[in-house]
Every structure is written in C-alpha cells, then in structure tokens.
Amino acid sequence: PTSAQVSVVPHSGSFCYTLDNNLLTTEQRQFYEDNGYLLIKNLVSDEDIQRFRKEFTRICKGEVKPPGVMIMKDESLRSQFGLSEKVVNKVQDFQENEELFRYCTLPEVLKYVECFTGPNIMAMHTMLINKLPDSDKQTFLHPMHQDLHYFPFRPASRIVCAWTAMERAHQDNGCLVVQPGTHKTTLKPHGYPELEGKTNKLFHGLLDEDEKIPKVHLVMEKGDTVFFHPLLIHGSGINRTSGFRKSISCHFASSECHYIDVKNTSQEHLEKELQEMVCKKYNATSVELKDIWNFRARLVQGERINL
C-alpha cells in the first residue's frame with residue numbers, strides 16, 4: 001500500500017492521464033495533463049543513489065552478472081579503459097539484479113507511479129544510463145522519440161516512466177529534452193536517424209520531427225525525478241563535459257494493460273530487430289515479442305493480471 005490511494009476509473013471531469021488520488025495537487029495533475037510530464041524535486045535519497053552507483057560499477061567490472069541484463073558499451077574505448085564504467089553507456093533490463101531493481105520498488109517512487117497506473121503495478125523496462133563524454137567516434141545523443149514505439153502493450157495512458165537524475169543533469173552534459181503537450185498526439189513512425197553512421201543500436205528517432213514545437217531542457221539536481229507519458233516526444237543531447245551523466249529509470253505499467261499485435265504497424269520493424277538480437281544472444285531459433293516482455297516484466301505492487 002502507498003499513500004496515494006487511487007481509483008482505476010479516470011476522473012469524470014477533465015483529467016484523462018492521471019487517476020484520482022490524494023497525493024498530487026490539482027495544479028500538478030493539470031500540469032501533467034497539459035504537458036505530459038511532472039518533475040518532483042529531491043525524491044530519491046543520496047544514500048540510495050550511492051548504492052545504485054556502487055552496483056553499476058560492480059556490473060561494469062564484471063563482478064556481478066545479472067541474468068538477462070544488456071550492457072551497451074563503446075567498444076572503441078575498451079582497449080583504453082578495459083572493464084570499467086568509462087566504457088559502459090547503458091545497463092538495460094536489470095530486473096534480475098536485486099540491488100538496482102530496488103529503484104523500482106522505492107515507496108517514494110511507487111506512490112507517484114500509482115497516480116498514473118493504478119494500484120496493480122508492473123515494472124516493464126529498466127535502465128541505468130551512463131552518458132559518456134562525446135567523442136568523434138561515437139555520439140551518445142538519443143534522438144527525439146516516443147517511448148511507446150518500443151512497447152507492445154496498451155493503453156498508453158496507464159504507462160509512465162520514472163527517470164531519476166543520479167547527478168546534476170543540464171544542457172552541457174545531455175539532460176532530457178521534452179516537447180510539452182506532444183503526449184496528446186499519436187504514435188509516429190520511428191527509425192534510425194541520418195547521422196553519418198553514428199547511430200546506437202535500438203536508439204530510434206522520429207522520422208519526421210516537427211522543429212516548430214518548442215523544446216524544454218529539464219535541468220535536474222541529483223535525486224530529482226521526472227514522470228512522463230510514453231507518447232511524450234523527448235530525447236537527450238550530447239554530453240559535452242569530461243564527466244559522466246548518470247540516471248536510473250523504469251517504465252511502469254498497470255498490470256491490467258494488454259499486449260497488442262504490432263504486425264502491419266509502425267512498430268513491426270522494431271519487433272524483428274529485437275527478436276534477432278534476443279535470438280543471437282541466447283542462441284535461439286525464434287522468440288515471440290510477448291515472451292521477451294514477459295521475461296522483462298516484474299510485479300512490484302498489487303496483482304499481476306494481464307502483463
């Protein structure tokens with residue numbers, strides 16, 4: 001149980017993207033309804049962030065090897081730095097690592113998540129991002145995109161991302177950039193951007209970006225957490241500093257969400273790419289997209305229903 005007791009039925013008034021609760025103020029709910037994101041200051045403690053940082057270092061060094069985890073590296077730096085955090089850009093799918101997965105179970109995070117998903121909460125997709133300083137060989141910007149492009153489950157309004165800064169995030173080190181209000185649009189076609197070969201695996205972006213929509217850079221202090229809708233168009237810039245910009249995040253969904261068939265949709269090519277990656281990693285001949293997500297998903301509160 002959390003301090004945000006909510007009903008599963010959306011508010012009968014003007015609220016579409018939040019559920020009735022006793023945590024968010026009317027102003028906070030209206031801000032999320034209008035903009036598609038909500039920033040909560042100083043939500044995650046320094047102590048927890050330090051624990052996540054320590055575990056991330058252990059994973060980078062190969063001291064722990066969680067099953068199912070995907071470690072994304074800049075291979076061009078490996079000869080210089082070996083097994084260290086200076087090479088690893090992202091640790092994804094850490095649902096089997098109990099120390100990092102603690103993030104997805106923090107009561108202070110879940111009480112906000114419940115305002116968007118309802119009481120039955122699944123952790124669907126986990127990431128610890130370590131944005132490396134930019135180099136000529138590789139650029140770790142993430143083009144503007146919608147997270148729903150990656151997800152074969154609906155409805156979108158019962159999915160929310162919690163993204164916590166593990167140190168100060170600002171324009172120079174590649175903070176999040178959002179286009180407020182774009183969560184009210186539809187899912188748009190995505191693909192790899194034309195960046196002269198400087199693309200990262202599965203870092204898809206919008207194929208047709210509307211430059212006229214205003215962008216907001218989310219400057220965040222350590223422990224600040226932003227909650228955002230999966231249709232919100234967002235991305236992150238290049239890290240132009242000499243340091244690393246770390247963040248930890250989880251996409252949560254109501255367990256009452258349901259899987260959809262992405263065949264003949266704009267998500268179909270992503271399904272094939274993901275299936276090929278998983279088959280190669282586990283030496284399998286075939287795998288269903290639903291099975292990949294069933295493996296990633298973990299119940300964190302309430303009852304597991306559909307997902």
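**Figure 1. Cysteines Cys-16 and Cys-175 in the predicted model.** Cys-16 counts as partly exposed, because its relative accessibility is 45%. Cys-175 counts as buried, because its relative accessibility is 1% and the limit for a buried residue is under 20%. The structure, a predicted model, holds zero disulfides.

**Figure 2. The protein chain as a whole, with the N-terminal stretch 1-12.** The chain has 307 residues, of which 55% count as buried. Seven helices and 16 strands are assigned in it. For contacts between residues at least 6 apart in sequence, 81% join residues at least 24 apart. The exposed area of the chain is about 13700 Å², and carbon and sulfur atoms supply 51% of that area. The mean pLDDT is 87, with 86% of the residues at 70 or more. In residues 1-12, by contrast, the pLDDT is below 50; this stretch still has 34 contacts in the model beyond near neighbours in sequence. Where pLDDT is low, predicted coordinates should not be read in detail.

**Figure 3. Helix α1 and the residue that follows it.** Helix α1 spans residues 26-35, and its buried residues are Arg-29, Tyr-32, Glu-33 and Asn-35. The elements that cover these buried residues include strands β1 (37-40), β7 (159-165) and β12 (225-228), together with helix α5 (107-117). Gly-36 comes after α1 and has a positive phi, near 90°.

**Figure 4. Surroundings of Leu-100 in helix α4.** Helix α4 comprises residues 98-105 and contains Leu-100. Leu-100 is buried, because its relative accessible area is 0% and the limit is under 20%. Setting aside residues up to four places away in sequence, Leu-100 touches Phe-52, Glu-55, Ile-59, Val-91, Phe-94, Leu-128 and Ile-248. One of these, Leu-128, is 28 residues from Leu-100 along the chain, and the C-alpha atoms of the two are separated by 8.5 Å.

**Figure 5. The largest nonpolar core and a second, separate core.** In soluble globular proteins, nonpolar side chains tend to be buried together. The largest nonpolar core here has 39 residues; Tyr-103, Cys-104, Val-109, Phe-227 and Phe-252 are the members that touch the most other members. At least two residues each come from β1, α2 (46-60), β3, α4, α5, β4, β7 and β14 (245-254). Helix α5 gives the most to this core, six residues. Outside its neighbours within four places in sequence, Tyr-103 is in contact with Val-44, Phe-52, Val-109, Ala-162, Trp-163, Thr-164, Thr-225, Ile-248, Ser-249 and Cys-250. A second core, separate from the largest one, has 21 residues, among them Ala-156, Ala-253, Cys-257 and Val-262.

**Figure 6. The buried side of helix α7.** In helix α7 (residues 289-296), the buried residues are Leu-289, Ile-292, Trp-293 and Arg-296. They lie on the same side of α7, because the arc they cover around the axis is only 90°. Their cover includes strands β3 (88-92), β4 (121-131), β6 (153-154), β15 (258-259) and β16 (298-301), as well as helix α6 (268-282).

**Figure 7. A cis peptide bond and two asparagines with positive phi.** Most residues other than glycine have a negative phi, and most peptide bonds are trans. The peptide bond from Arg-154 to Pro-155 is cis, with omega near 5°. Pro-155 is in the loop that connects β6 and β7. Asn-42, in the loop between β1 and α2, has a positive phi near 50°. This asparagine, Asn-42, is exposed, because its relative accessible area is 57% and the limit for an exposed residue is over 50%. Asn-264, in the loop between β15 and α6, also has a positive phi, near 60°. Asn-264 counts as exposed, with a relative accessibility of 73%.

Definitions and conventions: Residues are numbered from 1 along each chain as its sequence is written. This is a predicted model: local features need pLDDT of at least 70, side-chain atom pairs count only at pLDDT 80 or more; totals for chains, interfaces and linings use all residues. Side-chain values use heavy atoms; hydrogens and water are left out. pLDDT is the predictor's confidence in each residue, from 0 to 100. Contact means heavy atoms within 4.5 Å. Buried means under 20% relative accessible area, exposed over 50%, partly exposed in between (1.4 Å probe, protein chains only). Helices (H or I, at least four residues) and strands (E, at least two) are DSSP runs, numbered from the N terminus. Accessible areas come from the Shrake-Rupley method with a 1.4 Å probe; for residues, only the protein chains shown count as cover. A disulfide is a pair of cysteine sulfur atoms within 2.5 Å. The arc is that of the directions from the helix axis to the C-beta atoms. A nonpolar core is a set of buried Ala, Val, Leu, Ile, Met, Phe, Trp, Tyr and Cys residues joined through side-chain atoms within 4.5 Å.
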